[in-house]
Amino acid sequence: MAGHRAVATALLLFLAASLLPGCATDKLSREGRSLIDEGHYEEGLAMLQEAVKDQPDEVAHRALLMRSRDRVMTRLLAEAASARADGRSEYAQSIYERALKIDSGNTRAKDGLEALAMDKRHEKIIDEARELLKKGKHGSAGAALKPVLLESPKNSQAIVLQRQIDEHAAKELIAGPTLEAQFKKPVSLQFRDANLKMVFEALSRVSGINVLLDKEVKPDLKTSIFVSDVSVEDTIDLILLQSQLSKKVISSNTVFVYPNTPAKIKEHQDLMIRSFHLVNADPKQMLTMLKTVLKTKDIFINEKISAIVIRDTPDAIRLAEKMIADQDISEPEVMMEVEVLEINRTRLTDIGIKWPDQITFTATGTGAVPGATVPTTVPTLTQLRQINGDGIVTSPPMSVTLKAMLQDTDTKILASPRIRARNREKAKIMIGDRVPVITNAVTPVSSGAPVVTGSVQYLDVGLKLEVEPDIHLDNEVAIRVNLDVSTIVKEVQNTLSGTLAYQIGTRNASTMLQLKDGETQILAGLIDNQERNSASKVPGMGQLPLLGRLFSEHQGNGTKTEIVLSITPHIVGKIHQPDVREIEYWSGTEASLQTRPPMLRPLGKVALNGSGGVPSAMPATPAPAPSPSGNQAAPNVAPESPVALSWQGPGQAKIGDKIRLSLNTRSAQELRSLEFLVGFDPEVLQVSDVIEGDFLQQNNAQLQFDKTIDQDIGQVSVELSGTAGATGSGSVATIEFEVIGAAAQTQITTSQIVPVGESGETLVFTAPGSHSIAVSP
């Protein structure tokens, strides 16, 4: 007995030792799950990993570890992506690094860190581009911002900044071409039949621009040019235009000049490669457009990813960008609320007295009548001679039925589907049944029974609606509607083949609707009206007026079916309204693509004459007599100034003050119009208003006053034009500023001044100096 107890005790101890590790492992799993739910991902996963080590053969623990790790990584990556979208880059980086500690090979976390590094790089570039924009360097700002848009087309900050750059570029394009600082310096040149190299030497001395000539530029090439206060770039373009030459900007102060021939253009003209990833437009259509309009030859499309790659000149690339941006737009959709109502009205009538329409008299006898349902006998000839009323049987039994029935049935079938369709694409609705039609084909064989094969075809019976919307820019929708309603009229049985066919009744309507967004249109009138009347009368008596009703039965069957369709379109998505700059822009000439027109700023008059004749127009300043060689260079001549401008205003201000600065003039000649550009620091001053002065309103003259305030870059453009010339002194314009920032000294400058006299000539003027204001907190 004691031996049995010892064995039992040993078994219990063995079982407890076997179960103890399993209980400990289960505890680790439960605690690990609890820590993960509380957000302690690393500790929880560590416990689950320890549970797997304790019982490596337990599949449940291993599966739990894998599921938990995947769930933790999903949570961390989603949290990091949300932080990156909110602009919390440092927090997002810490989450990505935390995820990589859990799973060092996770590609999404690595990609997230790379994206954060790209965001930081882009943020720095955007700040640099914003600073360039504030300085008025729109071209440099756009070039600096371009890598950001190429790598991240949906970067919101870059898109907003690019929009500002485009707006400023569009404004300057109206006034003239955009110039860099090295080419904006105005110069005055006067040459007649001068050697081209000599002209470029004089221009280089005046402007500081280096000019390199191709070896194939003819050394005896001559030119005549008379310009006054024209920018260096415009002057170079004028010389190249009359000499059939082209230029290539090597650096900020160096220009390379070469002959404008196909061979030289191919040799020196720079080409760019640009890849366009389309979202909505068809790549094949875009390919055809670019080849047709821009004559681009080096072009490739990848239909798999809807991409177009072109290699062309920078101007051609810019034009392609505008064209594709105008075409690659998302088209709106139309959500159509459709209600189809089918109304069936049926009236059945059966009124009158139903008389028997036949009677049979049968003589009875002692013989049995074969097949008779009523016990009778077949009469003999003797019996027939002695027959009377008792020996005659009538059938069927005589009866008269009074009928008075009136049955009305109303049926309404309503279908209210909603269908969404893209612009200019068809959408279909089918509400009904698909009726099978079985067709048998009999194939005879040489021996035995013929082979019968059957095929099944389905007919759509019910309501079929087809719509095709066309969305207009005025929020109206043109809808082509095709409505077809079909029913089974009767079944047609083929007794020979045993197949069954159907007679289908149809009603259809096709129309074109023009509806506004949210407007409802009802289509009705698809009516099917059937009436059937029949009467059973006793001959003679039933045909009598009035009295005939007692000897007749009248039956009526009337059926009326009407289809009513209601359709309401709702435009889903924004209708793209293109800007003017997107639908009309310069493209150059047939031989050369350009993104801006060949035009000069109104800073002076220009005369070109390559034949040595008298110039068609001369500068306002008299040109000196030509030298014996026929060449005379007169850069930056400083004659007497009949128009003098000066600033008048305070020299000190505090933050929050509102100050006024007036531009005054003193003119000895008739001054009819004046244009100028005022520059200021937008971080210190904010323009409240610009008020016209009284100088050009002398003698009750009418004044046309235009102003353009660009606070972002700190510029005010003013144009004044009177109906008559004015002399003497007075105020031209007054600018109201509000001080918003502190600065030891802030400058108000004036540039691009164009005074015009009574006869339309440009007057010589003395520009005002910069006005300094000390701003204190």
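The following exchange concerns a three-stranded sheet, its helices and a surface patch in a predicted model.

Me: What should I know about the numbering and the model?
Reply: Residues are numbered from 1 along each chain as its sequence is written, and side-chain values use heavy atoms, with hydrogens and water left out. The model is predicted: local features need pLDDT of at least 70, side-chain atom pairs count only at pLDDT 80 or more, and totals for chains, interfaces and linings use all residues.

Me: In which order do the strands of the open sheet stand?
Reply: The order is β2-β5-β4, with mixed pairing. Strands are DSSP E runs of at least two residues and helices H or I runs of at least four, numbered from the N terminus; two strands pair if DSSP finds at least two bridges between them.

Me: Which strands are at the edges?
Reply: β2 (210-213) and β4 (245-251) each have a single partner strand, so one side of each lacks a neighbour in the sheet.

Me: Do β2 and β5 pair in the parallel or antiparallel sense?
Reply: Parallel, over four bridges, with β5 spanning residues 254-259. L213 has V257 in β5 as its bridge partner.

Me: Changing topic, is L381 buried or exposed?
Reply: L381 is exposed, at 58% relative accessible area; buried means under 20%, exposed over 50% and partly exposed in between (1.4 Å probe, protein chains only). L381 belongs to helix α13 (residues 381-385).

Me: Which helix lies across β2, β4 and β5?
Reply: Helix α8 (residues 196-207) does, where contact means heavy atoms within 4.5 Å.

Notes. Axes fitted to C-alpha atoms, helices over the stretch in contact; angles between N-to-C directions.
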